[in-house]
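Here are my notes for a colleague who is meeting this structure now, set out as numbered points. Please read them with the structure open beside you.

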Amino acid sequence: METFRREQQARLATDPCNRAEVRRQMMDAANAVARTRYGARTLVDLTSGRTSGLEPAPGRSCIFTADWSSGQRGVVVVTQRKNSFGDDLIEVRPFAR
């Protein structure tokens, strides 16, 4: 079990989605969308980011442990891509295994 935990930590350390600037960018973009859709409920923190292979390219899709301003905590997928007009699209949804 200890070996598995160390391997997981090593993977997280090298995953581009776990870089502080990527997490901050994803959180800021997701919060901008959340404010327009959900009002006061925003993301407080994104941690343990790892790249998701579930989303089609182009774009970036990351799986995070999310802490919400409402006190809830859960695993979410944040997907950032551009539409045909070149606008950034952000989607935050619960992670379903």
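1. A definition is needed before the points that follow: a residue counts as buried when its relative accessible area is under 20%, as exposed when that area is over 50%, and as partly exposed in between. Glu21, at 42% relative accessibility, therefore counts as partly exposed, because 42% falls between those two limits. Please also keep in mind throughout that this is a predicted model.

2. On the overall architecture, the protein contains 2 helices and 4 strands, and these elements follow one another along the sequence in the pattern α-α-β-β-β-β. The protein has 97 residues, of which 31% count as buried, while its accessible surface comes to about 6,400 Å², with 52% of that surface belonging to carbon and sulfur atoms. Among contacts between residues at least 6 apart in sequence, 36% join residues at least 24 apart.

3. On the nonpolar interior, the largest nonpolar core holds 14 residues, and the members that touch the most other members are Met26, Leu43, Leu46, Phe64, Ala66, Val76 and Val78. Helix α2 and the strands β1 (43-51), β2 and β3 (73-82) each supply at least two residues of this core. Ala66 can be followed in further detail: leaving aside residues up to four places away in sequence, Ala66 touches Leu43, Asp45, Leu46, Gln72, Arg73, Gly74 and Val76.

4. On the disulfide, the count for this model comes to 1, and the link in question is formed by Cys17 and Cys62, whose sulfur atoms lie 1.9 Å apart. The pair links distant parts of the chain, since Cys17 sits in the loop between α1 (2-14) and α2 (20-38), whereas Cys62 belongs to strand β2 (residues 60-68), and the two are 45 residues apart. The link of Cys17 and Cys62 is left-handed, with -70° about the S-S bond. Are these two cysteines, Cys17 and Cys62, buried or exposed? Cys17 is buried, and Cys62 is buried as well. As general background, a disulfide is a covalent bond between the sulfur atoms of two cysteines.

5. On charged pairs, a search of the whole structure finds 4 salt bridges, and this note describes some of them. In general, side chains of opposite charge can pair when their charged atoms come close. Within helix α1, Glu2 and Arg6 lie 4 residues apart, about one turn of the helix, and their side chains meet in a salt bridge at 3.8 Å, N to O. Glu2 counts as partly exposed at 39% relative accessibility, and Arg6 is also partly exposed, with a relative accessible area of 48%.

6. The residue used for the definition above, Glu21, forms a salt bridge with Arg19, and the closest N and O atoms of this pair are 2.7 Å apart. Arg19 has a relative accessibility of 40% and so counts as partly exposed.

7. A further salt bridge joins Glu91 and Arg93, with the closest N and O atoms 3.1 Å apart. Glu91 counts as partly exposed at 35% relative accessibility, and Arg93, at 28%, also counts as partly exposed.

Notes. Residues are numbered from 1 along each chain as its sequence is written. This is a predicted model: local features need pLDDT of at least 70, side-chain atom pairs count only at pLDDT 80 or more; totals for chains, interfaces and linings use all residues. Side-chain values use heavy atoms; hydrogens and water are left out. A disulfide is a pair of cysteine sulfur atoms within 2.5 Å. Buried means under 20% relative accessible area, exposed over 50%, partly exposed in between (1.4 Å probe, protein chains only). Contact means heavy atoms within 4.5 Å. Accessible areas come from the Shrake-Rupley method with a 1.4 Å probe; for residues, only the protein chains shown count as cover. A nonpolar core is a set of buried Ala, Val, Leu, Ile, Met, Phe, Trp, Tyr and Cys residues joined through side-chain atoms within 4.5 Å.
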